[in-house]
Amino acid sequence: AFIVGFMIVYRTNYSYARWWEARTGIQQMAAKWADVFIFSASWDAAANPPGKGEELGMLFRQRLLHLISLMHSLAMMSLRGDKDLTNLSPHN
């Protein structure tokens, strides 16, 4: 009984460590997507002079945020092993 109990605890700890490593990788991926958006939005804001192009810049940042969000969701779907895209909904 001791050996079986030890094996169950060992396997549980090992699977938890694998899950935690995957979760950490997903968090790092999400942080990198956020970095891409922040750097791109900052670059776009710095490129436009004050008082000009603010509406166009806002549209660009909204579109960029939508596309980066879509890339993140597609990466998550790929990790899950989804074969179709039926659970994605259009952006309104």
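In this predicted model, Asp-44 touches Gly-57, Phe-60 and Arg-61, once residues up to four places away in sequence are set aside. Asp-44 itself sits in helix α1, and at a relative accessible area of 11% it falls below the 20% cut-off, so it counts as buried. One of those contacts is also a salt bridge: Asp-44 pairs with Arg-61, with the closest N and O atoms 3.2 Å apart. Since Asp-44 belongs to helix α1 (residues 2–47) and Arg-61 to helix α2 (residues 54–80), the pair ties together parts that are 17 residues apart in sequence. The two partners are not equally covered: Asp-44 is buried at 11%, whereas Arg-61 is partly exposed, with a relative accessible area of 21%.

How many salt bridges does a search of the whole structure find? The search turns up two. Besides the Asp-44 pair with Arg-61, there is one in which the side chains of Asp-82 and Arg-80 meet, at 2.4 Å from N to O. Here Asp-82 is partly exposed at 30% relative accessibility, and Arg-80 is exposed, with a relative accessible area of 56%.

Back at the junction of the helices, Asn-48 lies in the loop between α1 and α2. Its relative accessible area is 27%, so it counts as partly exposed. Leaving out neighbours within four places in sequence, Asn-48 is in contact with Gly-53 and Gly-57. Gly-57 has already come up, as one of the residues that Asp-44 touches.

Which residues of α1 are buried? They are Phe-37, Ala-41 and Asp-44. These buried residues pack against α2. As for the helix itself, the 46 residues of α1 should span 68 Å at 1.5 Å a residue, and the end C-alpha atoms are 67 Å apart, so the two values agree.

Elsewhere on α1, Ile-26 gives another view of how distant stretches of the sequence come together. Ile-26 is found in helix α1 and is partly exposed, at 23% relative accessibility. With neighbours within four places in sequence left aside, Ile-26 is in contact with Met-76 and Leu-79. Ile-26 can also be set beside Ala-75: the two are 49 residues apart in sequence, but 9.5 Å apart in space from C-alpha to C-alpha. Helix α2 runs over residues 54–80, so Met-76 and Leu-79, the contacts of Ile-26, fall within that range.

The aromatic side chains come next. The count comes to five aromatic pairs. In one of them, the rings of Tyr-16 and Trp-19 have their centres 6.0 Å apart and their planes at 25°; planes under 30 degrees apart count as stacked, so this pair is stacked. Tyr-16 and Trp-19 both lie in helix α1, three residues apart, which is about one turn of the helix. Trp-19 is partly exposed, at 48% relative accessibility. Tyr-16 also pairs with Trp-20, again in a stacked arrangement, with 6.3 Å from centre to centre and 25° between the planes. Tyr-16 and Trp-20 are four residues apart in helix α1, so about one helical turn separates them. Trp-20 has a relative accessible area of 46% and counts as partly exposed. What do Tyr-16, Trp-19 and Trp-20 form together? The three make up one aromatic cluster.

Finally, there is the surface. Phe-2, Ile-3, Phe-6, Met-7, Tyr-10 and Tyr-14 make a nonpolar surface patch of about 790 Å². Among them is Met-7, which is found in helix α1. At 49% relative accessibility, Met-7 counts as partly exposed; residues need over 30% to be part of a patch, so Met-7 qualifies on that score.

Conventions
Residues numbered from 1 in each chain as written. Predicted model: local features only at pLDDT ≥ 70, side-chain atom pairs only at ≥ 80, totals over all residues. Heavy atoms only, no water. Salt bridge = Lys/Arg side-chain N within 4 Å of Asp/Glu carboxyl O. Helix = DSSP H or I, 4+ residues; strand = E, 2+ residues; numbered from the N terminus. Buried < 20%, exposed > 50% of the residue type's maximum accessible area, 1.4 Å probe, protein only. Patch = residues over 30% accessible without salt bridge, like charges linked within 9 Å, V, L, I, M, F, W, Y side chains within 5 Å. Areas by Shrake-Rupley, 256 points an atom, 1.4 Å probe, with all protein chains shown as cover. Contact = heavy atoms within 4.5 Å. Phe/Tyr/Trp six-rings, centres within 6.5 Å; stacked < 30°, edge-to-face > 60°. Expected span 1.5 Å × (residues − 1).
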